Amino acid sequence: MQQYFQPEIETASRDEIVRIQNVKIVKQVRHVYDNVAYYRKLMDDKGITPEDIKSIDDIQKLPFLKKDDLRECYPYGLLATDLSNCVRIHSTSGTTGKRVVAFYTQHDIDLWEECCARAIVAAGGSKEDVVQVCYGYGLFTGGSGLHGGSHKVGCLTLPMSSGNTDRQIQFMMDLNSTILCCTPSYAAFIAESLKERGYGPGDNKLKAGIFGAEPWTEEMRTQIQDGLGIKAYDIYGLTETSGPGVAFECSEQTGMHINEDHFYAEIIDPETGEVLPEGEKGELVFTALDKEAFPLLRYRTRDICILTRGKCSCGRTHVKMCKPMGRSDDMLIIRGVNVFPSQIETVLLNEGYTPNYMIYVDRKNNTDTLDIDVELSPDQFSDNIADMQDMEKKLAASMRTMLGIGPKIHLVPPKTIQRSEGKAVRVIDNRKLH
Ligand code: ADP
Ligand code: ZN
């Protein structure tokens, strides 16, 4: 079986990776300085010239870019090449505000698709595979990215896009899909739908899934793996850096290798901007080392993460990022306590509940309230009110242990929480603090 898509670079020595990064950063900073007036001004204001950047270590001298800069520059302000050289536009899904548009030259598309091809091969993909892509196609990067990667590997590609679960299942069964690509929340829904139709985990031909675009817990991974009878791999990316494939999981399933020949990663303290050493938790920052059209330098993702450089059993040498622990702006501060939705998901799945839940935060009489609707599976559901109340109490107590604050739990009947076909929205904050 093919082990790597681009073995030379995926297993390159540390020295070789640094050598590549040194060459690319010098060229890239010059490219951006000469072509992007907005970033040139940021550098000028800091008193930095392209000559100051002689190697990748000098990157810390460069100013950061934030999502607000991208919004301010909408649509063409960060474009680093003539529009006539661009062949594609994508846009963020707008999870956290106004959309951002990103531009691609053909070179940028090739590079991005190669990153996705690395992810597919790492998940065991080869030209013998049938890859069912049910990430959304269109402005969202998920569909196009995995689709392009699947072509590069030579897999038979099923460009399903998201939604229409009946058709997804029919094609999966009739055409013997072996690799499934979608958001983890949609994968969980597909598993649930297969079960309802009487299929067990062994009845499909799937062997792997490549799931990303939203946070998911290890507990969710186990549930999807068991439900579909597959190995579930994480994939990470964002529109601003190209799309999925910036980082991907290998067979070890202990974090995602960042494609370091194209993206330089740093972890910073989100308050001070100080770069933190390996192993420390902070905000993930990316520099695109060789993108042409939309090359962001030191872009602050707002994703909270840890980088590690330990040896990996898969033989890849690129640095690994852990599962993002939620975005810095996803974190809820409830009665002064930091709460991440992923902590709530962990408790629910550990206690045997479904991954279908909604979190509501509000403020009543100057006090924050936290309510969680949790959907019951048909075998958990009962008309005995006392039983239900006991379950609610027990779950609230487990939540209190994990979160440090006690939520109000509302157990709701099966099938009452809307399923997601793309990125799931699971938090509604009615406090209007922003
Ligand atoms: P939007 O910011 O509108 O959601 P994108 O579609 O570009 O736009 O989403 C990128 C974001 O999605 C990342 O910054 C990250 O927060 C989240 N994300 C992507 N992949 C993963 C993953 N594997 N695990 C957790 N979060 C992810
Ligand atoms: Zn590995």
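Start with Q253. Select the loop between β8 (243–249) and β9 (256–258); Q253 sits there. Helices (H or I, at least four residues) and strands (E, at least two) are DSSP runs, numbered from the N terminus. Phi of Q253 is near 55°, a positive value in a residue other than glycine. Q253 counts as buried, at 18% relative accessibility. Buried means under 20% relative accessible area, exposed over 50%, and partly exposed in between, with a 1.4 Å probe and protein chains only.

A note on the model. It is predicted: local features need pLDDT of at least 70, side-chain atom pairs count only at pLDDT 80 or more, and totals for chains, interfaces and linings use all residues. Residues are numbered from 1 along each chain as its sequence is written, chains are lettered from A and ligands numbered from 1 in the order in which they are written, and side-chain values use heavy atoms, with hydrogens and water left out.

**Another positive phi**

Go to N365, in the loop between β17 (357–364) and β18 (367–375). Its phi is near 50°, a positive value in a residue other than glycine. N365 is exposed, with a relative accessible area of 75%. For background, most residues other than glycine have a negative phi, and most peptide bonds are trans.

**A cis peptide bond**

Select Y74 and P75. The peptide bond from Y74 to P75 is cis, with omega near -5°. P75 belongs to the loop between α4 and β1 (86–91). Step back to E72, in helix α4 (residues 67–72). E72 is exposed, with a relative accessible area of 59%. Add Y38: 34 residues separate it from E72 along the chain, and their C-alpha atoms are 9.9 Å apart.

**Q132 and L180**

Select Q132 in strand β3 (residues 130–133). Q132 counts as buried, at 0% relative accessibility. Show its contacts, where contact means heavy atoms within 4.5 Å. Leaving aside neighbours within four places in sequence, Q132 is in contact with L158, M160, Q168, M172, S177, I179, L180 and C181.

Next, L180. Find it in strand β5 (residues 179–182). L180 is buried, with a relative accessible area of 0%. Not counting residues up to four places away in sequence, L180 touches Q132, C134, M172, I190, L206, A208, G209, I210, F211 and L228. For a distance label, add K423: it is 243 residues from L180 along the chain, and the C-alpha atoms are separated by 16 Å.

**Helices α7 and α8**

Select α7 (residues 165–174) and α8 (residues 184–196). Their axes come within 11 Å and cross at roughly 75°. Axes are lines fitted to C-alpha atoms, for helices over the stretch in contact, and angles run from 0 to 180 degrees between N-to-C directions. α7 and α8 are therefore roughly perpendicular to each other. Angles under 35 degrees count as roughly parallel, over 145 as roughly antiparallel, 65 to 115 as roughly perpendicular and the rest as oblique. On α7, pick T165, Q168, I169, M172 and M173; on α8, pick Y186, F189, I190, S193 and L194, since these make the contact. By class, that contact has seven nonpolar, three polar and no charged residues. Ala, Val, Leu, Ile, Met, Phe, Trp, Tyr, Cys and Pro count as nonpolar, Asp, Glu, Lys and Arg as charged, and the others, Gly among them, as polar.

**Helices α9 and α10**

Now take α9 (residues 218–228) and α10 (residues 341–350). The axes come within 8 Å and cross at roughly 45°. That makes α9 oblique to α10. E219, M220 and Q223 in α9 meet E345, T346, L349 and N350 in α10. This contact has two nonpolar, three polar and two charged residues.

Keep α10 selected. Seven of its ten residues are buried, so α10 is largely enclosed by the rest of the structure. Colour the buried ones: P341, I344, E345, T346, V347, L348 and L349. They pack against α9, β16 (337–339), β17, β18, α11 (385–403) and β20 (427–429). Just after α10, G352 takes a positive phi of about 85°.

Move on to N356, in the loop between α10 and β17. N356 counts as buried, at 13% relative accessibility. Beyond its neighbours within four places in sequence, N356 is in contact with E192, D373, V374, E375, I417 and R419.

**The two domains**

Finish with the domain assignment: domain 1 (1–327) and domain 2 (332–429). These bounds come from an automatic or database domain assignment. The C-alpha centres lie 30 Å apart. The contact takes 25 residues from domain 1 and 17 residues from domain 2. Together the domains bury about 1,600 Å², 53% of it on carbon and sulfur atoms. Buried area is the accessible area (1.4 Å probe) that two parts lose on being put together, summed over both.
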